[in-house]
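Visitor: I would like to go through this model with some questions. Please show it first.

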Amino acid sequence: MLQHQNDYLKALHDIALGLLSNLDSNNLFQYIVVKACELLDCSQGYISLISADGETRRMTAGIGEIYDSLRDVSQPKAAGMTGEVLLSGKTQTIDFYGNYTNRINHPALDRRYPVAIAPLFLNETVVGALALMRSQVGDIFKKEQIDLLDQ
């Protein structure tokens with residue numbers, strides 16, 4: 001647990017340095033996804049941001065098949081598990097995504113893995129979400145890992 005906290009703090013430090021060095025936002029978002037996947041041992045992840053119209057969202061950074069399949073697709077803000085997180089402002093997890101009944105109908109999302117999605121805030125307003133997925137059934141997110149996402 002202590003090692004994960006140290007890794008988390010180092011990742012936050014690296015992100016802060018990226019912000020200070022004027023790293024462009026796309027590279028910064030990509031870096032956040034990669035670091036989050038490394039810290040929480042995930043095979044896939046993405047950041048989805050709410051569009052300027054406030055009604056849709058789009059994946060702006062990510063890794064894995066889900067991101068590759070959906071990165072250029074505009075989706076309704078409230079659709080699916082990501083939409084629920086965007087509306088509630090609360091982190092959600094599911095141990096078996098196949099049981100999630102409200103998922104978006106897309107072949108890349110027809111999986112059975114554990115998923116965790118955390119809201120991203122700017123000045124106390126939800127502006128997006130960070131989604132992370134495991135590649136094996138039963139490899140669920142532990143409480144301390146979810147707590148890291150909530151910070």
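Visitor: In the hairpin of strand 5 and strand 6, which residue takes a positive phi?

Guide: The model is a predicted one. Two residues lie between the strands of this hairpin. The residue there with a positive phi, near 50°, is Asn123.

Visitor: Over how many bridges do strand 5 and strand 6 pair?

Guide: Strand 5 covers residues 115-122 and strand 6 covers residues 125-133. Across the pair, Leu120 stands opposite Gly128, and Pro119 stands opposite Ala129. The pairing is antiparallel, and the number of bridges is eight.

Visitor: What is the bridge partner of Ile94 in strand 5?

Guide: Strand 4 consists of residues 92-94. Strand 4 pairs with strand 5 in the antiparallel sense over three bridges. For Ile94 the partner in strand 5 is Val115.

Visitor: Which strands stand at the edges of the sheet?

Guide: Six strands form an open, antiparallel sheet in the order 3-2-1-6-5-4. An edge strand here has a single partner strand, so one side of it is left without a neighbour in the sheet. That applies to strand 3 (75-76) and strand 4 (92-94).

Visitor: At what angle to strand 2 does helix 2 run?

Guide: Helix 2, residues 25-39, lies across strand 1 (44-50), strand 2 (56-63) and strand 6. Relative to strand 2, the helix runs at about 65°.

Visitor: How many disulfides does the structure hold?

Guide: A disulfide needs two cysteine sulfur atoms within 2.5 Å. The cysteine sulfur closest to that of Cys37 is in Cys42, but at 5.2 Å it is too far for a bond. The same 5.2 Å applies from the side of Cys42, whose closest cysteine sulfur is in Cys37. The number of disulfides is zero.

Visitor: Is Cys42 buried or exposed?

Guide: The cut-off for buried is under 20% relative accessible area. Cys37, at 3%, counts as buried. Cys42 has a relative accessibility of 11%, so Cys42 also counts as buried.

Visitor: Which side chain does a polar contact join to that of Gln145?

Guide: Gln145 is found in helix 5, residues 143-149, and is buried, with a relative accessible area of 10%. Leaving aside residues up to four places away in sequence, Gln145 touches Leu40, Arg134 and Ile140. The polar contact of 3.2 Å joins the side chain of Gln145 to that of Arg134.

Methods:
Residues are numbered from 1 along each chain as its sequence is written. This is a predicted model: local features need pLDDT of at least 70, side-chain atom pairs count only at pLDDT 80 or more; totals for chains, interfaces and linings use all residues. Side-chain values use heavy atoms; hydrogens and water are left out. Helices (H or I, at least four residues) and strands (E, at least two) are DSSP runs, numbered from the N terminus. Buried means under 20% relative accessible area, exposed over 50%, partly exposed in between (1.4 Å probe, protein chains only). A polar contact is a pair of N or O atoms within 3.5 Å; within protein, one must be able to donate a hydrogen and the other to accept it, and residues adjacent in sequence count only if both atoms are side-chain atoms. Contact means heavy atoms within 4.5 Å. Two strands pair if DSSP finds at least two bridges between them. Axes are lines fitted to C-alpha atoms, for helices over the stretch in contact, and angles run from 0 to 180 degrees between N-to-C directions.
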